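Me: Pick one spot in this structure and take me through it closely, then work outwards from there. Keep it informal, and give me the numbers as you go.

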Amino acid sequence: MSDQRGVLREGFHRFWRYQRVLWFIFFISLAFGHFSASPAIHKLDGITDHSLASQRISEMFDYGTFSALASNPEVKLFEAGGVSGGFSFVFLVGMLFLTGGILEAYRADRKLTTREFFEACGSYFWRFVRLLLLMLILVIPLAIIFGSVLSQAGKLMLDVAQEKNGFWLSLVDIIFIGFLMMCLRLWFDIAQVRAVVEEEYGMWSNAGRAFKLIFRNFRSLFWIYLRISVVGWFVFGIGVWIWTKMPPARFWSTFIVLEIVILAGFAVRLWQRSSEMVWYQRRFLIPAIVAPAPISVPPAPDPLLTIAPAVPPAPQT
Amino acid sequence: MRSPRTRCLRFFCCWWVLVAGACAAISQATQALQAPVATLADKSLSERVVAYQIDARFDDQKHTLDGTEVLTYRNLTGQPLDTFPFHLYLNAFQPTSTFMKEEHRDRPGFKWKDKYKASAEIKTLGVVNGPAEIDLSSQIKFIAPDDGNLDDRTVFQVKLPRPVAPNETVQFKITFHDQFGQVFARTGYNGDFMMGAQWFPKVGVWWQGAWNCHQFHSTTEFFADFGTFDVKLTVPQKEVVGASGVQLDEVKNNDGTKTLTFRGEDIHDFAWTAQPTFHVAEGYFNGSMGNVKIRLLMQPGHTSQTERHMRIMKETMKRFDEWYGPYPYKQITVVDPADLRAGGMEYPTLITGDTAWWMPDGLRLVEQVVEHEFGHQYWYGMVATNEFEDAWLDEGINSYTECKILDDIFGRDTSAMDLWGITESDVSQQRNGYLSMPDFDPMSRYAFKFVNGSSYGEITYGKSATVLYTLEKLIGEETLKRGLHTYFMRYRFTHPTKEDFLKTVEEVSGQNLRWYFDQAVYGTQVLDYEIFSAESDRLDWYQKNPADEKKGETMFHNMVIVHRKGDFIFPLNVLIKFDSGESAIEQWDGKDRWVRYEYNKKAKIVSAEIDPEQQVLLDKDSFNNSRVVHQNARARWKIISYWTWFAQLLSQCLSWLA
């Protein structure tokens, strides 16, 4: 692991240098979030904006009032949830598209022109789609296992004699499947890095080589991924904790706090990407600089102690 | 050889022992009759129509119970009775029972499992006729008075060889065998936990000139006569047992079992529970009739919540005692069941709660359930209404008093939830439940005749509580409290009807409330009034070049239209506020479809609001009850901001796949 010292730091520096990518993604996410809320805006404006009852939502957060509003036949708020799902899917496709440009920027470690950035996005898009499909083959069964174990844990939790077992089962499920998912993500992250750095086209073979790479360097790579993830989880936890402590009437402040949480989530993901790129480049592209063996140099003669030789030295042949 | 004197002495001694023994027995019997041991009263509190003596042995391995029951029935009906119906409710847990058919109908995902199967079988049934006992086992006939389902075996009847005359008593001797299933609905086992409810043959109630003995339905509860219960329960020695009434005795047997003796007085049902690992905690409530022991049986994993249970019990009992009347029993047992399907249930002097080890204080589920089930000691336990035919009288009144008491303890806005800045009141939970199915069934409908289980629940609990909250608007909160107190004191230990309750409220309030009860209790009308418009228009609107508008100088024609959208008619107050700081309160009888209020003032309308005190909770839509002239989008933006954030979070999670 010693040869990977500073990967996180350099990864963070690259991520920071190209932070405009972060802002770009964040504002797209914010816009999509707002668009996905637009059906709700239209459903609500005629009902809440001129009603005194809405003060129970704006000045506090009375769940009963919100629940009555959400199930009001003229509102049926949660029917607008499908739009959010649709926007989330579009966002996923968008992120898949942008990943090529992001990785290219991290690879080149220089500011890409807009043209270069989007050329890279387009160039890698279909390769990444193929990688995503490959990953889904593994993610879907894991998700099914996760869901069924969680469902069993839920059943156990209904039985008081087993409720703690249910809790522990769900925790083990989350940790174990979460760990496998992280490994999967790491594997396909490296496959994406390889596709960009090595200009790979065959995604099956690329995924196979990435797997071997992960297998051989699992500890160092996972350690990089995990440490950054922990930072993300910590920020998320702190953000939500602050949110619970804020007065409900100050919802713009709470919105800012929650947006910082979202921003941090994207930042953490990009930091992971840049660190993986740094790790790969250090491992395979930059030749290791072997420090030369120290040459023992005789100490310089002390001029005060130098005694002229009695016999002149023999001429060198 | 013994002398005659010795014989005489021995005869005298024997005679004396016999006399003394007889006296002691008579004295004990008299004491049993006259000095209650399970209540704080100095005499019997009810008519005691029935006296059950049950000797039962529970096998914790097979989950079976074998019992003998001696039922002494006093015929206080005023007429001879020759037919007696009995409940045998464990038979509801069979796939062809009416109960299970209704479960299947109302719960699409419901699947029958053999482990739910339970049964109660009558081995012998005899009636004591003088010194002899006539075997009537062959006379047992299962009946289905509600739906004619021949496969339903939850009610049987027997015909006696001769009628029981008025004021005469009859004694039945029954041996029975129970097979419990895994807990499905409040009775049965789960692991080493056992809840024994509806476990013995229970006679029906002669009520309103006929036997009232309904089948067991998925939505219905119970109805039985008051009396005494002397129950001997033999269980393995390891078991910790809780039961209705008070425990009088415990004897350890040589076979590894113990026999516990319980006595319940002036109650109409008897339930028990057993589990070796119950954690027992005891406390006392000092009520107006004396000290009541609160016995908690907690699950080992829930001991951290013992204090929470004890606290809500004491707080609840205090308010019931002060507001509605005294709790007269010596003990109340609170069971934290090992299976949630046994939770949230009431039996006389024994209730079951509902919690989980992780339950945060801000979620008041524990308090809601414990308070509610204790409330049933009043509305069901003592005021023993017919839960089949007038379910709202126990569940509805109890939901109302639950809300009032939790409001008083935790505050109106936070009585159901106060967590992470999110709040909810208990009454808004009840109201929202009602709003989900407001117009299918009236409150007065028989419980098993509702369109489905959801409608039954939302109307019986939610609407009833909301109706009583709205009634406060008409007669005042304190008057309704007095009405409930009067109703309780007048009808405790009897079987009142809905009219008894409604007339009591009318009597106490001194108002004719029939118009309200006809709509709210007997009808399905939905109440919805709205501020249709609230506008201000300049009086000089016709002028071509009117002067600039000046606050306090320009005259406006202000107009508010209130519209009755629903078919429920209710008198209303309307509060209109003007930008001059003035306000006007209008009263409308609510009968017409709409009403218009007009004001010519040097001020413009700021807002118009129906029911400014927000007491008419029956109003379906609280958002259209007011209209603020100037738009205020804060609530909308708050919802939108959260919506946006959740959508972003969803996108972020999904983009992890990219």
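Reply: Arg48(B) is a buried residue: its relative accessible area is 11%, and anything under 20% goes into the buried class. Bear in mind throughout that this is a predicted model. Along the chain, Arg48(B) belongs to the loop that runs between helix H1 (4–34) and strand E1 (50–59) of chain B. Its backbone deserves a look too: phi of Arg48(B) comes out near 50 degrees, which is a positive value in a residue other than glycine.

What does the side chain of Arg48(B) make a polar contact with? The partner is the side chain of Asp266(B), at 2.9 Å. Asp266(B) is part of strand E17 (residues 257–267) of chain B, and with a relative accessible area of 0% it counts as buried. So both ends of this polar contact are buried, Arg48(B) at 11% and Asp266(B) at 0%.

The surroundings of Asp266(B) are worth listing. Leaving out residues up to four places away in sequence, Asp266(B) touches Thr39(B), Ser44(B), Leu45(B), Ser46(B) and Arg48(B), plus Phe226(B), Gly227(B), Tyr329(B) and Phe493(B). For a distance across the chain, take Ser622(B): it is 356 residues from Asp266(B) in sequence, and the two C-alpha atoms are 45 Å apart in space.

Now for another positive phi. Gln198(B) also has phi near 50 degrees, again a positive value in a residue other than glycine. Gln198(B) lies in the loop between strand E10 (193–196) and strand E11 (202–203) of chain B, and its relative accessible area of 8% is under the 20% cut-off, so Gln198(B) is buried.

From Gln198(B), go to Ala197(B), whose backbone oxygen is reached by the side chain of Thr187(B) at 2.9 Å. Thr187(B) is in a loop as well, the one between strand E8 (169–179) and strand E9 (188–190) of chain B, and it counts as buried at 5% relative accessibility. Not counting residues up to four places away in sequence, Thr187(B) touches Leu90(B), Phe93(B), Phe180(B), Gly181(B), Gln182(B), Met195(B), Gly196(B) and Ala197(B).

Zooming out to chain B as a whole: 12 helices and 32 strands, with a C-alpha trace that spans about 140 × 70 × 50 Å along its principal axes. Of its 658 residues, 58% count as buried. If you take the contacts in chain B between residues at least 6 apart in sequence, 71% of them join residues at least 24 apart.

Chain B also has charged ends placed over rings. The charged end of Arg364(B) sits over the ring of Phe410(B), 4.2 Å from the ring centre. Likewise, the charged end of Lys481(B) sits over the ring of Trp323(B), 4.1 Å from the centre.

Next, the contact with chain A. It takes 82 residues from chain A and 59 residues from chain B. The two chains bury about 6200 Å² between them, with 64% of that on carbon and sulfur atoms. On the polar side, 32 residue pairs across the interface are in polar contact. Helix H2 (residues 20–48) of chain A gives the most to the side of chain A that touches chain B, contributing 13 residues. The salt bridge count between the chains is four, and one of them joins Asp49(A) to Arg636(B), with the closest N and O atoms 2.6 Å apart.

Last stop, the aromatics: the whole structure has 98 aromatic pairs over all chains. In one of them, Phe91(A) and Phe266(A) have ring centres 5.8 Å apart and planes at 55 degrees, so the pair is tilted. That pair links distant parts of the chain, 175 residues apart, with Phe91(A) in helix H5 (residues 81–108) and Phe266(A) in helix H10 (residues 251–285) of chain A. Phe91(A) and Phe266(A) are both buried.

Another tilted pair is Trp252(A) with Trp637(B), the ring centres being 6.4 Å apart and the planes at 40 degrees. This pair crosses between chains, from helix H10 of chain A to helix H12 (residues 634–655) of chain B. Buried or partly exposed? Trp252(A) is partly exposed, at a relative accessible area of 44%, and Trp637(B) is partly exposed too, at 29%.

Key: Residues are numbered from 1 along each chain as its sequence is written. Chains are lettered from A and ligands numbered from 1 in the order in which they are written. This is a predicted model: local features need pLDDT of at least 70, side-chain atom pairs count only at pLDDT 80 or more; totals for chains, interfaces and linings use all residues. Side-chain values use heavy atoms; hydrogens and water are left out. Rings of Phe, Tyr and Trp (its six-membered ring) pair if their centres lie within 6.5 Å; planes under 30 degrees apart count as stacked, over 60 as edge-to-face and the rest as tilted. Helices (H or I, at least four residues) and strands (E, at least two) are DSSP runs, numbered from the N terminus. Buried means under 20% relative accessible area, exposed over 50%, partly exposed in between (1.4 Å probe, protein chains only). A charge sits over a ring if NZ of Lys or CZ of Arg is within 6 Å of the ring centre and within 35 degrees of the ring normal. Contact means heavy atoms within 4.5 Å. Buried area is the accessible area (1.4 Å probe) that two parts lose on being put together, summed over both. A salt bridge is a side-chain nitrogen of Lys or Arg within 4 Å of a carboxyl oxygen of Asp or Glu. A polar contact is a pair of N or O atoms within 3.5 Å; within protein, one must be able to donate a hydrogen and the other to accept it, and residues adjacent in sequence count only if both atoms are side-chain atoms.
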